[in-house]
Amino acid sequence: MNKLFFCGLFVCLLSLVSTRPNEYDAVAETRSFSAEVKEDGSYQYQYDTTNGIAAQESGIGGRYASGSAAYYAPDGQLITLSYTADDNGFHPSGDHLPTPPPVPNAILKALEYIRTHSNEEERQGAAENKQQTKQPIRYHQ
């Protein structure tokens, strides 16, 4: 079962990182492949091929994983991806991944205003709460 899982995972990762087939890719061979699954659920695998595709991952099944993958893009650029996956989701990183646009200046100014004035507002709120609690409580009969 575990061998089947890792073989399937290997095939999926190869299909994800492969680019347009060319003559070099068509004759690529696996240089190394290793996989290990322990009884406690931890695992690790790694492989690399003659056309520059490589990947490795380790983790604890269903709870945590970290790894990396690399391949050459059609233009010859080396693409590398590192990642972790845990209770908070999948967290990839790599220079080829898109990045969010810069935060507009108006938002930065608003955040700075909030940061510098939040304590003043908290103090005012605390003073108002003290005044409210000093009033005697009257019960109507």
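**Close-up views of a predicted model**

**View 1. A nonpolar patch on the surface.** In this predicted model, the side chains of V103, I107, L108, L111, Y113 and I114 make a nonpolar surface patch of about 580 Å². One of these residues, I107, lies in helix α3, which covers residues 105-134. Is I107 buried, exposed or partly exposed? Its relative accessibility is 43%, and because buried means under 20% and exposed means over 50%, I107 counts as partly exposed. As a general background to this view, nonpolar side chains in soluble globular proteins tend to be buried together.

**View 2. The largest nonpolar core.** Which residues form the largest nonpolar core of the protein? This core has 11 residues, namely Y43, Y45, Y47, I53, A55, A65, A69, Y71, A73, I79 and Y83. Three strands, β2 (42-49), β4 (64-72) and β5 (78-86), each supply at least two residues of this core.

**View 3. The hairpin of β3 and β4.** Strand β3, made of residues 54-60, pairs with β4 in the antiparallel sense, and the pairing runs over 7 bridges. Within this pairing, A55 has A69 of β4 as its bridge partner, and both A55 and A69 also belong to the largest nonpolar core. The hairpin has 3 residues between the strands, and in this hairpin G62 takes a positive phi near 80 degrees.

**View 4. The hairpin of β4 and β5.** Strand β4 also pairs with β5, again in the antiparallel sense, here over 8 bridges. In this view A65 can be found opposite A85, a residue of β5, and A65 is also listed among the residues of the largest nonpolar core. Between the strands of this hairpin there are 5 residues, and in this hairpin G76 takes a positive phi near 95 degrees.

**View 5. The whole protein, for orientation.** How many helices and strands does the protein have? There are 3 helices and 6 strands, and, when followed from the N terminus, these elements run in the order α-α-β-β-β-β-β-β-α. The protein has 141 residues, of which 18% count as buried, while the area that the protein exposes is about 11300 Å², with carbon and sulfur atoms supplying 55% of it. Among the contacts between residues at least 6 apart in sequence, 20% join residues that are at least 24 apart.

Conventions:
Residues are numbered from 1 along each chain as its sequence is written. This is a predicted model: local features need pLDDT of at least 70, side-chain atom pairs count only at pLDDT 80 or more; totals for chains, interfaces and linings use all residues. Side-chain values use heavy atoms; hydrogens and water are left out. Patches are made of residues with over 30% relative accessible area and no salt bridge: like charges are joined within 9 Å, nonpolar side chains (Val, Leu, Ile, Met, Phe, Trp, Tyr) within 5 Å. Accessible areas come from the Shrake-Rupley method with a 1.4 Å probe; for residues, only the protein chains shown count as cover. A salt bridge is a side-chain nitrogen of Lys or Arg within 4 Å of a carboxyl oxygen of Asp or Glu. Helices (H or I, at least four residues) and strands (E, at least two) are DSSP runs, numbered from the N terminus. Buried means under 20% relative accessible area, exposed over 50%, partly exposed in between (1.4 Å probe, protein chains only). A nonpolar core is a set of buried Ala, Val, Leu, Ile, Met, Phe, Trp, Tyr and Cys residues joined through side-chain atoms within 4.5 Å. Contact means heavy atoms within 4.5 Å. Two strands pair if DSSP finds at least two bridges between them.
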